[in-house]
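Trainee: Could you walk me through the salt bridges and the sheet in this protein?
Mentor: Sure, pull it up and ask away.

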Amino acid sequence: MSKSLIESNLPDLELVARGKVRELYKVGEDALLFIATDRISAFDVIMKTPIEGKGKILTQLSTFWFDLLKDIVPNHFITSKIDEMPENVAKYRDQIENRSLLVKRLTVLPIEAIVRGYLSGSAWNEYKQSGTVHGIQMPENMRESQKLPHPIFTPSTKAEYGEHDINIHPDETKKIIGEELAQKVAEVSVKLYETAAEFAIKRGIIIADTKFEFGVDADGQLYLIDEVLTPDSSRFWPASTYKVGKPQQSYDKQYLRDYLDSISFDKATPIDLPPVVSDDTLRKYIEAFVKLTGKRPDLL
């Protein structure tokens, strides 16, 4: 396996943004280079320890899903092959190979399009207090990790770097992006989730919930963007051990969150992770990738 990429250095390209995990560079007037680093965050805090190869897994899994879901809604993917990228990008092959996407440049919608199929995480916490999820009234007497009667669109705000996303009622998205676009995003998000969940369950993975992001072009055409259905943006559970009424084993960042909770992490200060935690996190990401795609990720 090649060394970790904690932060890219592409001096001939214009850096557009550096997020918790991804870095974006301008490529010409109409494209962007998305690079997935090996940084990992939990509770919106970037840990000091990278997960070696994680960015490559996220990129290759997103590419897989972009292809599988392309008939539902267009996406921003152009290519992940270095040889098909412009020369001023390809020259950085040693940093970006297997962890980068060349994508269309679009106007990003300022919401996180979350779809939930099961009652878990912050949704479970809200339900215990008020019987609602993102302000949506839910059936009585539901239990932790229970499958919802049908998948629900439960958006959040898209916070600035260093800030926290805020869960909102679906109606709030109409005020943010307009009623027609909000309805389209909700419908497409649920369709994407349902298609992916049906695919994944046949391979032994329950997709409890996931987060999509969208953009629009100059004509108002909606596009699926960013990462798609990865362990960073989703809650993946092994179907073989699923049991209602308790937290589930997972293939995602929940393992890391559980560790941080066990040491009373202050949810503010970056820390070093023990090797066993970083190694087990990577193992879970690889296992999910193999189950979903039927092959191992290219980590070279």
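What follows is a short chat about charged pairs and strand pairing.

Mentor: Before you start: this is a predicted model, where local features need pLDDT of at least 70, side-chain atom pairs count only at pLDDT 80 or more, and totals for chains, interfaces and linings use all residues. Residues are numbered from 1 along each chain as its sequence is written, and side-chain values use heavy atoms, with hydrogens and water left out.

Trainee: How many salt bridges does the structure hold?
Mentor: Side chains of opposite charge can pair when their charged atoms come close. Here a salt bridge means a side-chain nitrogen of Lys or Arg within 4 Å of a carboxyl oxygen of Asp or Glu. By that rule, the count is 19.

Trainee: Is Glu23, the partner of Arg18, buried or exposed?
Mentor: Buried is under 20% relative accessible area, exposed is over 50%, and partly exposed lies in between (1.4 Å probe, protein chains only). Arg18 meets Glu23 in a salt bridge at 2.7 Å, N to O, and Arg18 is partly exposed at 30%. Glu23 has a relative accessible area of 0%, so Glu23 is buried.

Trainee: Which helix holds both Lys175 and Glu172?
Mentor: Their closest N and O atoms are 3.1 Å apart, in a salt bridge. Lys175 is exposed at 65%, while Glu172 is partly exposed at 32%. Helices here are DSSP runs of H or I, at least four residues, and strands are runs of E, at least two, numbered from the N terminus. The two residues sit 3 apart, about one helical turn, in helix H5 (residues 170-177).

Trainee: Which residues are joined into one network by salt bridges that share partners?
Mentor: Start from Lys211 and Glu213, whose closest N and O atoms are 3.7 Å apart. Lys211 is partly exposed at 21%, and Glu213 is buried at 10%. Through shared partners, the network takes in Glu112, Lys158, Lys211 and Glu213.

Trainee: Now the sheet: which are the edge strands?
Mentor: Two strands pair if DSSP finds at least two bridges between them. The open sheet has 5 strands with antiparallel pairing, in the order S1-S2-S3-S7-S6. Those pairing on one side only are strand S1 (14-18) and strand S6 (77-79).

Trainee: Which residue in S7 stands opposite Thr79?
Mentor: S6 pairs with strand S7 (residues 100-104) in the antiparallel sense, over 2 bridges. Across from Thr79 you'll find Leu102.
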